[in-house]
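Q: I'm new to this and would like to learn how to read a protein model. Could you take me through it one feature at a time?

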Amino acid sequence: MSLSKPIIQALSFYFMELNEHPIRTKAISCCLVALAGNYVSQRIAGGKVISFHNLAAYGAFGLLFGGSIPHYFYTFLEWAVSEEASFAVIKRLILERLVYSPLYQAFALYTLARFEGKDHETALQQLKGLYWVVLTTSWKYLTILQFLNFSAVPPMLRVLVVNLIGFFWTIYLANQRRQQSVTKSK
């Protein structure tokens with residue numbers, strides 16, 4: 001019972017902030033999730049030294065784009081596809097999976113490379129090498145989670161759910177990017 005009180009207080013604070021400052025709250029939570037996901041990915045990879053440069057790149061991406069872009073996209077979806085529309089969940093899922101996800105994945109891969117200090121050409125090469133693998137993996141494994149997000153999660157919490165899913169996605173993405181770098185250096 002005593003352990004649940006701090007959790008309830010933290011959730012109450014989060015929901016209050018989400019209601020009063022939605023973009024800032026989502027940006028900060030996405031930043032923390034991206035940092036944690038990248039950190040765990042580096043630890044899983046077995047590196048003796050943590051790359052703070054990579055942590056900074058993922059954290060900056062989460063703070064600047066990871067909360068705001070999904071916020072505006074999900075707000076747009078709520079406006080464009082009303083709850084009363086027939087097959088609203090399916091329509092939202094199709095828009096998210098076939099329009100938003102491909103664009104966001106490309107943007108994320110390119111921007112992360114640039115935040116890590118790579119030049120434009122190197123970032124494009126990395127994007128070309130990873131894009132299709134990352135996108136098809138997203139379609140394969142995240143589609144059911146997005147379906148559940150659209151059908152069972154209240155709109156205000158959808159970015160939070162995406163961020164929680166994003167923790168594991170960040171681990172996957174960081175691992176894919178690291179493997180590509182290792183392969184290229186051989």
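A: Happy to. Let's begin with a cut-off: a residue is called buried under 20% relative accessible area, exposed over 50%, and partly exposed in between. Keep in mind as we go that this is a predicted model.

Q: Okay, let's try that on V162. Where is V162 found, and is it buried or exposed, or something in between?

A: V162 is found in helix 7. Its relative accessible area is 22%, so it counts as partly exposed. V161 is placed in helix 7 too, and with a relative accessible area of 23% it is also partly exposed.

Q: How do I read distance along the chain against distance in space?

A: Take a pair of residues and look at both values. V162 and G67 are 95 residues apart in sequence, and their C-alpha atoms are 9.7 Å apart in space. For V161 and I50, the separation is 111 residues in sequence and 27 Å from C-alpha to C-alpha.

Q: Now the empty spaces. How many cavities of 30 Å³ or more does a search of the whole structure find?

A: A cavity is a space where a probe fits but cannot get out. The search finds one of 30 Å³ or more, and the largest cavity has a volume of about 480 Å³. It is lined by 26 residues, and the closest to its centre are Y104, Q105, V162, G166 and W169. So there's our V162 again.

Q: Which element gives the most to that lining?

A: Helix 5 does, with eight residues. The elements giving two or more residues include helix 2 (22-45), helix 6 (120-152) and helix 7 (158-185). If you sort the lining by class, you get 16 nonpolar, eight polar and two charged residues.

Q: And what is the volume of the largest pocket?

A: A pocket, unlike a cavity, is an open set of points. The largest pocket has a volume of about 200 Å³. Among its 15 lining residues, Q42, N54, A174, R177 and R178 are the closest to its centre. Helix 2, helix 3 and helix 7 each give two or more residues to this lining, with the largest share, four residues, coming from helix 7. By class, the lining divides into five nonpolar, six polar and four charged residues.

Q: Let's go to the surface. Which residues form a nonpolar patch there?

A: F87, I90, I94, L98, V99 and L103 do, with about 630 Å² of accessible area together. Pick out I90, which sits in helix 5. Its relative accessibility is 38%, so I90 counts as partly exposed.

Q: Last topic: salt bridges. How many are there?

A: The idea is a side-chain nitrogen of Lys or Arg within 4 Å of a carboxyl oxygen of Asp or Glu. By this rule the count is five. One of them joins R24 and E17, with the closest N and O atoms 2.9 Å apart. R24 is partly exposed because its relative accessibility is 45%, whereas E17, at 15%, counts as buried.

Q: Which other residues pair up like this, and are they buried or exposed?

A: E96 forms a salt bridge with R97, the closest N and O atoms being 2.5 Å apart, and both E96 and R97 are buried. E116 pairs with K118, at 2.8 Å between the closest N and O atoms. E116 is buried, with a relative accessible area of 10%, while K118 is partly exposed at 23%. Shared partners then join E116, K118 and R177 into one salt-bridge network.

Definitions and conventions:
Residues are numbered from 1 along each chain as its sequence is written. This is a predicted model: local features need pLDDT of at least 70, side-chain atom pairs count only at pLDDT 80 or more; totals for chains, interfaces and linings use all residues. Side-chain values use heavy atoms; hydrogens and water are left out. On a 1 Å grid over the protein atoms alone, a cavity is a set of points where a 1.4 Å probe fits but cannot get out, and a pocket is an open set with protein on both sides within 12 Å along at least five of seven lines; lining residues have an atom within 4 Å of a point. Grid points are joined across faces, edges and corners, and a volume is the space filled by probe spheres set on the points. Ala, Val, Leu, Ile, Met, Phe, Trp, Tyr, Cys and Pro count as nonpolar, Asp, Glu, Lys and Arg as charged, and the others, Gly among them, as polar. Patches are made of residues with over 30% relative accessible area and no salt bridge: like charges are joined within 9 Å, nonpolar side chains (Val, Leu, Ile, Met, Phe, Trp, Tyr) within 5 Å. Accessible areas come from the Shrake-Rupley method with a 1.4 Å probe; for residues, only the protein chains shown count as cover. Buried means under 20% relative accessible area, exposed over 50%, partly exposed in between (1.4 Å probe, protein chains only).
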